[in-house]
Amino acid sequence: MSGNSEKTERYKNPVIAIFTGISDLFKRPANELSLEGLPSLEGKKVMITGASSGLGFATSVEMASRGAHVIMAMRSGIPAKGEKVKSLSGSTRVDMIPMDLSDLESLAGFAKEVKQRFGPMDIVVCNAAMVANRSRAVKQELDEMFVVNYFAKFLLAKRIMDGSFLNHKGADLPRIIFVASESHRNPSVFEWDKFGLYESYGIKQSVAMYGYYKLLLLTLANELSRRLNPDGEVECSVFALCPGPVNSNIAREAPVLFHPLLKLVFGIFFRSPKKACKPVIYLASSKELEGRTGVYLFLMQEKNMDEKAVDPENGKRLWELSEQLTNQIMKEQDG
């Protein structure tokens with residue numbers, strides 16, 4: 001069986017994807033990284049998207065407990081979730097700001113509000129993700145999973161590119177961290193001719209679509225790094241990670257019949273968000289990473305991304321298509 005076929009087999013449907021995730025947890029790397037001895041995040045401003053639950057919530061607690069001023073960007077749970085983060089972390093430097101990644105019209109106002117209220121960020125964690133049980137169109141006639149898992153993050157990256165969203169005057173370089181997935185290795189090719197086009201699919205295809213959008217996300221991360229560091233000298237670190245299977249609510253749209261089984265499997269075999277957020281904390285804090293960019297962690301092990309995500313030609317093509325789609329949407333809104 002070819003390498004591409006093996007990758008496809010690992011994520012070809014939801015059941016196999018779950019067991020793939022479980023098997024990955026039992027493969028303990030010899031060179032596993034540690035959080036021991038990491039410096040505090042005192043004085044750092046950290047924005048975390050998708051912060052109301054799961055990995056984003058756990059990351060918010062951990063960052064706040066390490067001294068960071070945490071800005072929780074979330075669709076729901078204000079103010080209760082923020083107050084809970086304060087209680088669990090023992091920190092009062094926690095703020096909340098509404099953000100719905102499926103609402104593209106709100107993103108421009110969101111970035112402006114962040115800058116006005118909090119000033120430039122030291123660390124941005126792009127975490128929010130979803131797995132839908134079927135295709136759904138947002139207002140702009142784009143697939144909701146495409147928007148939440150990729151396109152809204154491109155629009156946020158564009159806001160970051162304007163130069164004032166990140167703190168370039170601090171003692172350390174600003175860092176952008178994308179939460180991705182090993183399933184980005186599953187797609188064999190980019191479907192450039194279908195980029196942004198809405199197509200119907202059901203739950204059997206949703207996991208494959210999720211992996212494809214994570215491939216787009218990691219390709220974006222690499223292209224963003226090239227654009228933020230055009231002369232080769234790192235001025236902003238762009239990192240990414242796969243946290244492994246997390247016991248969160250990402251599968252909340254699975255058929256109700258399977259909820260008891262998924263709850264049991266997730267509870268026994270999947271990692272708690274508190275444990276799963278360790279790679280995020282390492283990428284945000286480690287002095288060993290200062291001056292580096294393009295680092296990808298799988299669990300707590302540094303690993304190469306799929307070569308398709310790293311290829312500059314793919315990054316350039318993706319950015320151009322995303323720009324074209326953005327302009328098309330803006331034109332339709334103005335019209």
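## Briefing: exposed spots, a buried strand and salt bridges

Glu 141 is exposed, its relative accessible area being 53%, which puts it past the 50% mark used for that label. Keep in mind that this is a predicted model. Glu 141 also has an unusual backbone angle to look at, and a buried strand, a run of salt bridges and a charged surface patch are worth a look too.

**Backbone oddities**

- As background, most residues other than glycine have a negative phi, and most peptide bonds are trans.
- Glu 141 goes against that habit, with a positive phi near 60° in a residue that isn't glycine.
- You'll find Glu 141 in the loop that runs between β4 (123-126) and α6 (144-160).
- Leu 299 isn't a glycine either, yet its phi is positive at about 55°.
- Leu 299 sits in the loop between β7 (296-298) and β8 (301-302), and with a relative accessibility of 10% it counts as buried.
- The peptide bond between Ile 78 and Pro 79 is cis, with omega at about 5°.
- Pro 79 belongs to the loop between β2 (69-74) and α4 (80-89).

**Strand β5 and its neighbour**

- How many of the residues of strand β5 (residues 175-179) are buried? Five of the five are, so the strand is largely enclosed by the rest of the structure.
- In a regular strand, side chains alternate between the two faces of the sheet.
- On β5, Arg 175, Ile 177 and Val 179 point one way, while Ile 176 and Phe 178 point the other way, and all of them are buried.
- β5 pairs with β4 in the parallel sense, over four bridges.
- Across that pairing, Val 125 stands opposite Ile 177 of β5.

**Salt bridges**

- Searching the whole structure turns up 17 salt bridges.
- One of them joins the side chains of Glu 105 and Lys 139, at 3.0 Å from N to O.
- That pair links distant parts of the chain, 34 residues apart: Glu 105 is in the loop between β3 (94-98) and α5 (107-118), and Lys 139 is in the loop between β4 and α6.
- Glu 105 is partly exposed at 41% relative accessibility, whereas Lys 139 is exposed, with a relative accessible area of 65%.
- Arg 292 and Glu 302 form another salt bridge, their closest N and O atoms being 2.6 Å apart.
- Arg 292 lies in the loop between α10 (278-285) and β7, and Glu 302 is in strand β8, so this pair ties together parts that are 10 residues apart in sequence.
- Arg 292 has a relative accessible area of 34% and is partly exposed, and Glu 302, at 38%, is partly exposed as well.
- Buried or exposed: which label fits Lys 308? Lys 308 counts as buried, at 13% relative accessibility.
- The salt-bridge partner of Lys 308 is Asp 306, with the closest N and O atoms 2.9 Å apart, and Asp 306 counts as buried too, at 6%.
- Elsewhere, salt bridges that share partners join Lys 44, Asp 172 and Lys 287 into one network.

**Negative surface patch**

- Which residues gather in a patch of negative charge on the surface? They are Glu 307, Asp 311, Glu 313 and Glu 320.
- Glu 307 is part of helix α11 (residues 307-310).
- With a relative accessibility of 68%, Glu 307 counts as exposed, because that label applies over 50%.

Terms used:
Residues numbered from 1 in each chain as written. Predicted model: local features only at pLDDT ≥ 70, side-chain atom pairs only at ≥ 80, totals over all residues. Heavy atoms only, no water. Patch = residues over 30% accessible without salt bridge, like charges linked within 9 Å, V, L, I, M, F, W, Y side chains within 5 Å. Areas by Shrake-Rupley, 256 points an atom, 1.4 Å probe, with all protein chains shown as cover. Salt bridge = Lys/Arg side-chain N within 4 Å of Asp/Glu carboxyl O. Lys, Arg positive; Asp, Glu negative; His and termini not counted. Charge placed at Lys NZ, Arg CZ, Asp CG, Glu CD. Helix = DSSP H or I, 4+ residues; strand = E, 2+ residues; numbered from the N terminus. Buried < 20%, exposed > 50% of the residue type's maximum accessible area, 1.4 Å probe, protein only. Pairing = 2+ DSSP bridges.
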